[in-house]
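Subject: Structure for you to look at

Dear colleague,

I am passing on a structure for you to open, and below it I have set out what was found there. Please keep in mind while reading that it is a predicted model.

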Amino acid sequence: MSVHKEVKKVTTHQLQEMKRRGEKISMLTAYDYTMAKIIDHAGIDVILVGDSASNVMAGYETTLPITLDHMIYHASSVVRAVDRALVVVDLPFGSYQGNSKEALTSAIKIMKESGGHAVKMEGGREIKDSVERILSAGIPVMGHLGLTPQSIYKFGTYTVRAKEEEEANQLLEDAKILEQSGCFALVLEKIPAKLAGEVAKSISIPVIGIGAGGGVDGQVLVTHDMLGMTYEFSPRFLRRYLNLYESMTGAFQQYIKDVKSKDFPNESEQY
Ligand code: KIV
């Protein structure tokens, strides 16, 4: 008899329940099968196939170059690994800004070809129509406000957003618009903790922060950053749980040494 343990999958509804009972939501990025499998088995609630793959996986300076097909490749690899977590996939730059019909076409392509469970989009009032149209097709949407890296050339820098009253008020209004449009959750990136906490209190959907303090409903980090694989990126909000850059470099150097010295393979490592 095979013993198959039924895994209870995380749903958008469950995330909203978690907010209601004050249980914090954990979210990390993944772009490939192996990493997604480890993260899912660790018990994460949400895996984000972020367009940060453009930086982390492809080495581009910004998130702008990554395409819909690249995102689908990453997302389908992640989906094949995941038993429990909710998999959210970023709509990449240029795949939804044109109009709501284009946004829907892109969201449908992602859902059909990757098997992801929801999409994420950057922006506030300007994407309202697109959010509503995507939702009308039954696709859950996560919003993203504050520092929105797809608009880096408009902002000019990656510094903290919404420090001034006018931008803070606009962000709060945008968060309410996204909630009313039907977003199931919202990411807030790199804004003052006080403002993020206020947003989380003002809307009923879960608010997941990155560099947005502890007053929100959950946290997200880029996995490669929290594992210390990307040593050159050191913002204040980043907590490093490992220093993998150093450990991996050490392992690679030892392997090179072992090959050169003919220590590897030894008697027991051959046929
Ligand atoms: O692309 C990404 O990894 C993200 C997170 C930083 C929220 O959008």
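A good place to begin is the largest nonpolar core, which has 60 residues, and among these Ile 47, Val 119, Ile 134, Leu 186, Leu 188 and Val 199 touch the most other members. The element that gives the most to this core is helix H4, spanning residues 68-81, with a contribution of six residues. If you then select Val 199 and leave aside its neighbours within four places in sequence, you will find it in contact with Leu 171, Leu 172, Ala 175, Leu 186, Leu 188 and Val 207. Another core, made of 17 residues, lies apart from the one just described, and its members include Leu 48, Leu 86, Ile 208 and Ile 210.

Turning to the strands, you will see that eight of them form a closed barrel with parallel pairing, in the order S1-S2-S3-S4-S5-S6-S7-S8. From one strand to the next, the twist averages 25 degrees. On the helical side, helix H5 (residues 100-114) lies across strand S3 (86-90) and strand S4 (118-120), and it runs at about 135 degrees to S4.

Strand S7 deserves a slower look, together with its two partners. Strand S6 (residues 185-189) and strand S7 (residues 207-210) run parallel and are joined by four bridges, and within this pairing Leu 186 has Val 207 in S7 as its bridge partner. On the other pairing, S7 is joined by two bridges to strand S8 (residues 218-221), again in parallel, with Gly 209 standing opposite Gln 219 in S8.

Which way do the residues of S7 point, and are they buried or exposed? Val 207 and Gly 209 point one way, while Ile 208 and Ile 210 point the other way, and all of them are buried. To get from S6 to S7 the chain passes through helix H9 (residues 193-202), and this β-α-β crossover is right-handed. As background to the pattern in S7, side chains in a regular strand alternate between the two faces of the sheet.

Finally, the chain is divided into two parts, domain 1 covering 12-240 and domain 2 covering 243-271. The C-alpha centres of domain 1 and domain 2 lie 38 Å apart, and the contact takes four residues from domain 1 and four residues from domain 2.

With best wishes

How values were computed. Residues numbered from 1 in each chain as written. Predicted model: local features only at pLDDT ≥ 70, side-chain atom pairs only at ≥ 80, totals over all residues. Heavy atoms only, no water. Core = buried A, V, L, I, M, F, W, Y, C linked by side-chain atoms within 4.5 Å. Buried < 20%, exposed > 50% of the residue type's maximum accessible area, 1.4 Å probe, protein only. Contact = heavy atoms within 4.5 Å. Pairing = 2+ DSSP bridges. Axes fitted to C-alpha atoms, helices over the stretch in contact; angles between N-to-C directions. Right-handed = clockwise from strand over helix to strand, strands pointing away. Domains from an automatic or database assignment.
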